[in-house]
Every structure is written in C-alpha cells, then in structure tokens.
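Trainee: Could you take me through one part of this structure up close? I would like to start from a single residue and work outward.

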Amino acid sequence: MKSRAPSILSGDLVLTGSIVSEGEVQLDGSVDGDIRAGSLIIGEDAVVNGEVYAETVVIRGKVSGSVRARQVQLAATARIEGDIVHAALSVESGAFFDGHCRHSTDPLAEKSGPTATTTSAPKVDNRPPAPPANKPASVDQPPLAANKSSL
C-alpha cells in the first residue's frame, strides 16, 4: 500500500460541514460539523463543533461533541466537552474533559446516538381507562367530604 501525505487544514480555515477521509487529517482550523478519518490530529488552536470518529485521534485543541476512536490521546492543552468512547485512552496532566468516558473493545463498530439504545419493547399506555360514553364519570362517586363529616 502506498503511503499518502496527510491532509492539512490550516489555521486560517473555517469549514462548515463534515469531513470524511480514510487517511490522516491534521486540523489546525475550525470545523463546524462531524469529522470521520483514519487518523486525526486536532491542533492546539483548532476547534471542532461536532462528532469525531477515527481509528486514532490526538486532541490538542477544543472539541465540543462526542469522540469515538480506538485510541484517544488528550494533550495538556485539550478541551473536550462531550463523551468519549474508546478502546485506549491517555490523558496528559492539564487536559480539560467535561463529559462521560466509556471503554469499548470496538468503539467504531457500535452505533451512536439515540437509536443505539432503542429497544423493540411495546409501548405501554399508563393512562386510566376512559369512562363509558353513555354514563358521566361523576355519577357513582360520592363526594369526598361526605365520608369525613361524621367524624
């Protein structure tokens, strides 16, 4: 297999939309969207607002969104606001992480989002049954105060 050069997105780049690459991506700019890559390096001044999905990811900048990767490295300058699903995680002293962290043997194979926890159990209607149509609901019910007035 031929070695390819990484895709470099420079610091002055502002991208709105998703990035998809099978190779290595080095991000130094700002992305408002999801990133899917074989290998991803998020630079110190880089900002990602979206989901990160990669084999390996090194985060030195800011990510607001979930991170799913086999190997995740959070550098001392990293700021993560979102959940991390990983097979291997390393965190340098000084990194900021606000979210949930979960180990998975294969984080890329699992489904993400609300459909991952959806079950096929039938929905249960917990509302009380409606009164019969030909009889008002209050007919056979004595007033609550009548039982207590004889005390």
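Mentor: Start with V67, and keep in mind that this is a predicted model. Leave aside its neighbours within four places in sequence. V67 is then in contact with V52, V57, I59, V72, D83, I84 and V85.

Now step back to the core. The largest nonpolar core has 23 residues. V67 is among those with the most contacts inside it, along with L40, I42, V52, V57, I59 and V63. Several strands feed this core. β4 (24-27), β6 (35-42), β8 (52-59) and β10 (67-74) each supply at least two of its residues.

Next, look at the sheet. Six strands form an open sheet with parallel pairing. Read their order as β2-β5-β7-β9-β11-β13. The edges are β2 (14-16) and β13 (96-98). Each has a single partner strand, so one side of each is left without a neighbour in the sheet. On average, neighbouring strands here are turned by 5° against each other, direction ignored.

Zoom in on one pair. Strand β5 (residues 30-32) runs parallel to strand β7 (residues 47-49), and two bridges join them. One residue to find is V31: its bridge partner in β7 is V48. In general, strands of a sheet pair through backbone hydrogen bonds, either parallel or antiparallel.

Finish with S93. It sits in the loop between β12 (84-91) and β13. S93 counts as exposed because its relative accessibility is 70%, and the cut-off is over 50%. Its C-alpha atom is 5.6 Å from that of A76, although the two residues are 17 apart along the chain.

Methods:
Residues numbered from 1 in each chain as written. Predicted model: local features only at pLDDT ≥ 70, side-chain atom pairs only at ≥ 80, totals over all residues. Heavy atoms only, no water. Pairing = 2+ DSSP bridges. Helix = DSSP H or I, 4+ residues; strand = E, 2+ residues; numbered from the N terminus. Axes fitted to C-alpha atoms, helices over the stretch in contact; angles between N-to-C directions. Buried < 20%, exposed > 50% of the residue type's maximum accessible area, 1.4 Å probe, protein only. Core = buried A, V, L, I, M, F, W, Y, C linked by side-chain atoms within 4.5 Å. Contact = heavy atoms within 4.5 Å.
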